[in-house]
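Me: I'm new to reading protein structures, and I'd like to work through one with you. Could we look at it together, piece by piece?

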Amino acid sequence: MHKIDIDQIDRKILTFLQQNGRASNLELAEAVNLSAPQCHRRHRRLEQAGFIVGYETRLSPASLGLNVIAFVHVSMEKGHINDLSGFKIAINEWPQILECYSITGDFDYVLKVTAHDLKELSDFLMEKLMRMRGVSGVRSSVCLDEIKATNMLPLPAA
C-alpha cells in the first residue's frame with residue numbers, strides 16, 4: 001500500500017461506491033463521467049492504495065431474527081496485557097460480536113453485540129464474556145431504536 005493524493009474524480013468514485021457497492025464498472029464510469037477503462041484504472045488504484053479495504057453486503061438483523069443490539073463495556077483486570085491475546089482471539093471468534101474497540105475512560109473496550117433475544121444476550125454475557133480470563137467487569141446497554149447506522153465515511157472536499 002502506498003499513499004496517493006486523491007482528486008475530485010477519486011472522491012466521486014469513492015462516494016458512489018459507498019452508496020452503490022454493487023455497481024458495475026460501466027455504471028460507475030457513467031456516474032463519474034469517465035470512460036470505463038479510465039474508471040477501472042482509478043478504481044483499482046484506490047483499492048491498491050488502501051482507500052477501499054473491502055466490499056460487503058449489509059443484512060437486515062431483524063429478518064434473521066436478531067432483534068437485540070447491545071453495547072457492552074468491558075473492564076479488564078490490572079495487568080490484563082498478559083490476557084490480551086486470548087481476549088482478542090475470543091472476540092474475533094464470537095460471531096455475535098459485530099464490533100470491538102479499545103477505548104479510553106472507565107472501561108477498556110466497547111463491543112457491539114447482537115442476539116435473538118434478551119435471554120440469548122444474557123447467556124452470552126454470563127457464560128462467555130464474563131468468564132473470560134482477565135475480564136473484571138461488564139456493563140451493557142440495550143439499544144431501543146436504531147436511528148442511524150452507516151459505514152459511509154465523510155470525504156474531505158478537494
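Me: Which residue in E3 is the bridge partner of tyrosine 101?

Reply: Happy to help! This is a predicted model, in which local features need pLDDT of at least 70, side-chain atom pairs count only at pLDDT 80 or more, and totals for chains, interfaces and linings use all residues. Residues are numbered from 1 along each chain as its sequence is written, and side-chain values use heavy atoms, with hydrogens and water left out. Looking across to E3, the bridge partner of tyrosine 101 is valine 110.

Me: In which sense do strand E2 and strand E3 pair?

Reply: Helices (H or I, at least four residues) and strands (E, at least two) are DSSP runs, numbered from the N terminus. Two strands pair if DSSP finds at least two bridges between them. Strand E2 covers residues 97-102 and strand E3 covers residues 109-115, and with 5 bridges the sense of their pairing is antiparallel.

Me: Which glycine in the turn between E2 and E3 has a positive phi?

Reply: E2 and E3 form a hairpin, with 6 residues between them. In that turn, a positive phi of about 105° belongs to glycine 105.

Me: Why are the buried residues of helix H4 on the same side of it?

Reply: Buried means under 20% relative accessible area, exposed over 50%, and partly exposed in between (1.4 Å probe, protein chains only). In H4 (residues 84-93), the buried residues are Leu84, Phe87, Ala90 and Ile91. They are on the same side of H4 because they cover an arc, taken from the directions from the helix axis to the C-beta atoms, of only 130°.

Me: And which exposed residues are on the face of H4 turned away from its buried side?

Reply: On the buried side, the cover includes strand E1 (68-76), E2, E3 and strand E4 (135-142). The face turned away from it carries the exposed residues Ser85, Asn92 and Glu93.

Me: What do the buried residues of H5 pack against?

Reply: Helix H5 spans 118-128, and its buried residues are Leu121, Phe124 and Leu125. They cover an arc of only 90° around the axis, so they sit on the same side of H5. These buried residues pack against E1, E2, E3 and E4.

Me: Is glycine 134 buried or exposed?

Reply: Glycine 134 lies in the loop between H5 and E4. Leaving aside neighbours within four places in sequence, glycine 134 is in contact (heavy atoms within 4.5 Å) with Ser75, Met76, Glu77 and Asp83. Its relative accessible area is 4%, so glycine 134 is buried.

Me: How are helix H1 and helix H2 oriented to each other?

Reply: The axes, which are lines fitted to C-alpha atoms, for helices over the stretch in contact, with angles from 0 to 180 degrees between N-to-C directions, come within 10 Å for H1 (residues 8-19) and H2 (residues 25-32) and cross at roughly 130°. The contact is made by Lys12, Ile13, Phe16 and Leu17 of H1 and Glu27, Leu28, Ala31 and Val32 of H2. Angles under 35 degrees count as roughly parallel, over 145 as roughly antiparallel, 65 to 115 as roughly perpendicular and the rest as oblique. H1 and H2 are therefore oblique.

Me: At what angle do H1 and H3 pack?

Reply: Ile9, Asp10, Ile13, Leu14 and Leu17 in H1 meet Arg42, His43, Arg45 and Leu46 in H3. H1 and H3 are roughly perpendicular to each other. With their axes 11 Å apart, they pack at about 80°.
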